[in-house]
Amino acid sequence: MEEEATLPVELWRVILAYLPLPDLGRCCLVCHAWRELVLSLDNTRWKQLCLGCPECRHPNWPSQPHQEPPSWREALKQHALASRTWTQNGVELQSSACLHLFRRRKDRRIWHVGPGCEFETLRGALGVAGPYDRVVLHPGVYEEQAEVALKVPVELVGLGRLGEVSLLVCVEQQCPTARLCNLVFMPAWFSTVVYKTSWGHVQLDNCNFEGAQLQIRGPGTCQARFCSFSQGSAANFLGVALSLLDSCDFSGSDTASVTMDGSPVSEKNWACKHLAALARTLTSWGSSTHRNLPRGTRGARNTDVAPMVPTEDWSKAAWQRNTGTHLLGQDTVIEDGWGADKIGDGALKSHEQGNDQISWDYKLPCDRHSLAHLLKPQLDGSLPPASSPNPPYVIPDLLSLQQELQRDPEAQLLATSIQGCFVRRCLFRDGKGGVHICNYGQARLEANVFCGLNYAVRCIQNSTIVMLRNEVRECSASGVFLRLSAHGLIAENNIHSNGEAGLDIRKGANPIILCNRIHSGLRSGVVVLGNGKGSIRSNQIYNNKEAGVYILFSGNPVVSGNHIFQGQAAGIAVNENGRGMIVENVIRENQWGGADIRRGGDPVLRNNHICYGYSDGVVVGERGRGLIEGNHIY
């Protein structure tokens, strides 16, 4: 006994690593020291148990499968708890709650389906299964020639590894709740819909859908975890009050991978309360800092830059120290109507004669009238960068999401709202569409990755969307479309490398767009047209091939507090009768004009920092007009 008591801790860990899960639980109950010893096996035995469970995938699958979770034991615990939630607060099927619970604990049976088992067909097993029984399907392919009705709550579980049990069925759920786990669904010959419910709750764990459709109609609900939808599969939610898609993979879609159609119904089933509580524990809208965004799959282009462009103390003394010139006209603003035609000949003559009655605010030495100073070689013979490290003004910092929400009650309400379909930590790739919301539908998208699609998100017809901390990249068209009076909150997303605009707003859509990074697009960063509106605030919009913000055809957004820089065209372009309130932005280092107004464009351009561009600060072209005042242009 004394020798056993003095065994090294490392040897105890080796011994405990051979124990199954129930025995590890019993060891935790021996004493505090044993509990700590069992908990110290997180990266060995707990990891092995978590990855070896046939009903469980990697906790960070599918977008970050190579990143380990903070705790393998906690991941296994959360999976075990989630596998039981389908029975929580379920509708009682007996007259007495006590009898019902006793029946579930005492009389719950396990039925086996497969060659040489009790039943050879799924339909036969479901015909005798009682409430909350488990139906275990042995490896094989099970096909039903007609629709199967699920009339009592049951649990369907595939035995073995995922892919060994395949179902070619169409199941209609007619009971309050059910759970499906470790199964592959393929369409039957008579229908592409493999599972549907119109009032019950279904929980899907570690299932694959291949060329099949999942259909949930309100007041029915769904919770899907670690599921894969491929070969044209899709999940369709019709008037659903609340459903949750967590850590799912969508690929090869023919249309949209997830569709939310219709306003959430007022009638709710028993699971809505549970799903709402679960969703609140999963969401983290109150983040005050930019967190790491999910990365895509291996081989993705790395186009990220630092999350926030640093702002230094741009002082007058530093400007003189670095450039060797005095800062003249540092308080200059170009107001509406400024131009040579506004100065009469008499005033010019008085000035030439030395009359001091005329006060000139805009004074620059002749060698500073052009952009030639940008090409003046430095002492080492190299050309200077477009921007000086010490410009004359203190550039305002971007506001954080927390600060924006504090001053905008509407945005704060949207950030906390959870209705419709909650899509979290999913990967949408290599298909036509990601998420489609229409006809007053509602959806919340958080920490997802969209890549290699035609479009990532399409929100139309008075629908509401909340997008937080998603990555949208490499779409062949625009990343996010908003049409026909759609609205919502789009915040802290990384939208980049798309074939067209990162955000496309038109036809009365009016979203709130906060604290995003919109960059490296093959066209504009944000385009607003066709009576589109929106509040675009505190975003970083940079390195796009066309205008950072493009407003045309009666688009009328509020563009405020953004940093728009290093674009290959104009910072903000307002054409074709576009309007807009453009205030307090930092527009710098763009190849064309900081603001370009042409062909009926009529914006309000006020209190912006327009600086260090490679062309003119503000360009007012043919039929361009607007109010331009209080801007710092240098």
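Arg 225 counts as buried, because its relative accessibility is 10% and buried means under 20% relative accessible area, with exposed over 50% and partly exposed in between (1.4 Å probe, protein chains only). Arg 225 forms a salt bridge with Asp 205, the closest N and O atoms being 3.4 Å apart; the term stands for a side-chain nitrogen of Lys or Arg within 4 Å of a carboxyl oxygen of Asp or Glu. The two come from distant parts of the chain, 20 residues apart, with Asp 205 in strand E11 and Arg 225 in strand E14 (residues 221-225). Asp 205 is buried as well, because its relative accessibility is 0%.

A word on what you're looking at: this is a predicted model, where local features need pLDDT of at least 70 and side-chain atom pairs count only at pLDDT 80 or more, while totals for chains, interfaces and linings use all residues. Residues are numbered from 1 along each chain as its sequence is written, and side-chain values use heavy atoms, leaving out hydrogens and water.

Back to the charges. Asp 205 and Arg 225 belong to a network of salt bridges that also links Arg 108, Arg 134, Glu 155 and Arg 179. Within that network, the side chains of Glu 155 and Arg 134 meet at 3.2 Å, N to O. Here too the pair ties together distant parts of the chain: Glu 155 sits in strand E5 (residues 154-158) and Arg 134 in strand E2 (residues 133-137), 21 residues apart. Glu 155 is buried, because its relative accessibility is 3%, whereas Arg 134, at 25%, counts as partly exposed. By the salt-bridge rule, the count comes to 29.

Stay with strand E11 (residues 201-205) for a moment, and you'll find Gln 203 there. Is Gln 203 buried or exposed? It's buried, because its relative accessibility is 0%. Setting aside residues up to four places away in sequence, Gln 203 touches Ala 82, Ser 83, Thr 85, Trp 86, Ala 178, Arg 179, Leu 180 and Gln 223, where touching, or contact, means heavy atoms within 4.5 Å.

Now zoom out. The protein has 13 helices and 46 strands; these are DSSP runs numbered from the N terminus, helices being H or I with at least four residues and strands E with at least two. Buried residues make up 52% of its 634 residues. Of the contacts between residues at least 6 apart in sequence, 50% join residues at least 24 apart.

On to the nonpolar interior. A nonpolar core is a set of buried Ala, Val, Leu, Ile, Met, Phe, Trp, Tyr and Cys residues joined through side-chain atoms within 4.5 Å. The largest one holds 88 residues, and Val 135, Leu 137, Phe 237 and Leu 482 touch the most other members. Strand E23 (residues 449-459) gives the most to this core, with five residues. Apart from it lies another core, of 15 residues, including Leu 16, Leu 49, Trp 72 and Ala 75.

Leu 49 takes us to helix H5 (residues 42-52), whose buried residues are Asp 42, Arg 45, Trp 46, Leu 49 and Cys 50. They lie on the same side of H5, because they cover an arc of only 130 degrees around the axis, the arc being that of the directions from the helix axis to the C-beta atoms. An α-helix has 3.6 residues a turn, so residues three or four places apart point the same way. On the other side of H5, Asn 43 and Gly 52 are exposed. The cover over the buried residues of H5 includes H2, helix H3 (21-28), helix H4 (32-39) and helix H6 (72-82).

H5 has a salt bridge to show too: the side chains of Lys 47 and Glu 68 meet at 2.9 Å, N to O. Lys 47 is in helix H5 and Glu 68 in the loop between H5 and H6, 21 residues apart. Lys 47 is partly exposed, because its relative accessibility is 23%, and Glu 68 is partly exposed, with 41%.

Finally, try the loop between strand E44 (618-620) and strand E45 (627-629), the place of Glu 622. Glu 622 counts as exposed, because its relative accessibility is 59%. Leaving out residues up to four places away in sequence, Glu 622 touches Arg 598, Arg 599 and Gly 600.
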